[in-house]
Amino acid sequence: MQKRSLAILIVSLIMVLAVSGCGRQEQVEGKSEKVLTFAGEDISIGEVYVYANTVVEQYEKSYGENVWDMEVPVSETETDTMKNLTRKDIIEDIVRVKVLVSKASEYDVTLSQDDEDILAKQADVFFKNLTDEQIEKMQLSRETILTVYKENEIASRVYDRIMDKAGIEVSDEDARQTTIYDLVFEKYAVDVSGNVKELSEDEKKAQYDRALQAYNTLVNPVSGSDNTNIEGLAEFYGAADSRYYTLSPTEIREMYGDEIADMIYSLDDGSYSLVTESEYGYHIFYIQALTDREATDKLKQTEISSKQKAYFTTCFEKWLNEIDPNYSFEKSVDEDVYNKIQF
């Protein structure tokens, strides 16, 4: 499994909450047990349960009911169970929502009456689908559920305003991904013992001649031949290490050197290079796309998200220290109460 990733924060939580649970019951009244106090606010077991229940359903649906005992790396030498890590992440996500909500007025975020009406209907659906046991054990109420909905909606909008104000961008050039096919006739061979051996000069000459033949076939295709595309030629010549690569300009320079990289970027999309020698062998490059639009856009979004995350982390740590400098999971969470929420 990849490193854990909770999808409970902000918008995705609201989408999932409306379809969670089963059975209809009445509201529980009275004071709820608190799991923690953050910035002077008591956060009840019911509020935490709304978050936790969503995560439990998502994780068990994706990975099975035994996911909680799975060991997950937390450093090069240490692991922890998915249960322990997820319990911490749930609290940390709640804290992030609380911090974002505290910034609502600063970023001019409010909910309209229409917004509140929609959220109230969603919270009512969620509450009506709870069982007696869930309501009683987790001390749940409509008001608690509605609070979670409202705070997540506000937090989502505040986060968007923060990112809009930050104006984080990544240019096409910075995210550029180039897709090429490298048909390579190598100067080296691997013997039966797995040892890499450099070819003799005569063998290198034969490889070069085969590369020239392949190039001539590509630029002067014979009608009806099966060997008129670069992948077909790689198979025909047994050039097993030939393949497509999608790389950044920096990666291409690191792999092939500046001279070959400059040559590649002097060509046009859909063209072939001449037979080009490197320390590894004799290459023919097919330029599928100097700027692969799909790959570039994907990397751009990944880099923007990474920069946004780093920016928000800086802001969050500053705000957390201002709002509740004494907060920590270990000091602030009542484990006896939190353990009543079963994973």
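Trainee: Which residue forms a salt bridge with E198?

Mentor: K204 does, and the closest N and O atoms of E198 and K204 are 2.4 Å apart. Keep in mind that this is a predicted model.

Trainee: What is the general idea behind such a pair?

Mentor: Side chains of opposite charge can pair when their charged atoms come close.

Trainee: Is K204 buried or exposed?

Mentor: Read the relative accessible area. Under 20% counts as buried, and over 50% counts as exposed. K204 has 10%, so K204 is buried. E198 has 44%, so E198 is partly exposed.

Trainee: How many salt bridges does the structure hold?

Mentor: The structure holds 25. One of them joins K300 and D172, at 2.4 Å from N to O. K300 sits in helix α11, residues 293–323, while D172 sits in the loop between α6 and β5. The two are 128 residues apart in sequence, so the pair ties together distant stretches of the chain. D172 is partly exposed, with a relative accessible area of 32%.

Trainee: What else lies in that loop between α6 and β5?

Mentor: E169 is found there. At 70% relative accessibility, E169 is exposed. Now look across to E303. The C-alpha atoms of E169 and E303 are separated by 8.8 Å. Along the chain, E169 and E303 are 134 residues apart.

Trainee: Where is E153, and what does its side chain touch?

Mentor: E153 is in helix α6, residues 142–166. Its side chain makes a polar contact of 2.7 Å with the side chain of R157. E153 is buried, with a relative accessible area of 18%.

Trainee: Let's try a helix. Which residues of α9 are buried?

Mentor: Helix α9 covers residues 249–256, and its buried residues are P249, I252 and Y256. Now look down the axis of α9. The buried residues fall within an arc of 60°, so they line one face of the helix.

Trainee: What do the buried residues of α9 pack against?

Mentor: They pack against two helix-and-strand kinds of partner. The strands are β5 (178–186), β8 (243–247) and β10 (281–289). The helix is α10 (258–264).

Trainee: Which residue follows α9?

Mentor: G257 follows, and its phi is positive, near 95°.

Trainee: Which residue does R253 meet in a salt bridge?

Mentor: R253 meets D262, at 2.8 Å from N to O. At 32% relative accessibility, R253 is partly exposed. D262 is also partly exposed, at 42%. Salt bridges can share partners too. That is how E41, E47, K98 and E151 are joined into one network.

Trainee: Last topic: the surface. Which residues form a nonpolar patch there?

Mentor: Y188, V190 and V196 form the patch. Together they have about 290 Å² of accessible area. Take V196 as the example. V196 lies in strand β7, residues 196–198. Its relative accessible area is 60%, so V196 is exposed.

Trainee: Let me recap. In the pair of E198 and K204, E198 is partly exposed and K204 is buried. K300 and D172 tie together parts that are 128 residues apart in sequence. The buried residues of α9 line one face of the helix.

Mentor: Good. Add the surface patch of Y188, V190 and V196 to your list. Then find each of these residues in the structure above.

Note on methods
Residues are numbered from 1 along each chain as its sequence is written. This is a predicted model: local features need pLDDT of at least 70, side-chain atom pairs count only at pLDDT 80 or more; totals for chains, interfaces and linings use all residues. Side-chain values use heavy atoms; hydrogens and water are left out. Patches are made of residues with over 30% relative accessible area and no salt bridge: like charges are joined within 9 Å, nonpolar side chains (Val, Leu, Ile, Met, Phe, Trp, Tyr) within 5 Å. Accessible areas come from the Shrake-Rupley method with a 1.4 Å probe; for residues, only the protein chains shown count as cover. A salt bridge is a side-chain nitrogen of Lys or Arg within 4 Å of a carboxyl oxygen of Asp or Glu. Helices (H or I, at least four residues) and strands (E, at least two) are DSSP runs, numbered from the N terminus. Buried means under 20% relative accessible area, exposed over 50%, partly exposed in between (1.4 Å probe, protein chains only). The arc is that of the directions from the helix axis to the C-beta atoms. Contact means heavy atoms within 4.5 Å. A polar contact is a pair of N or O atoms within 3.5 Å; within protein, one must be able to donate a hydrogen and the other to accept it, and residues adjacent in sequence count only if both atoms are side-chain atoms.
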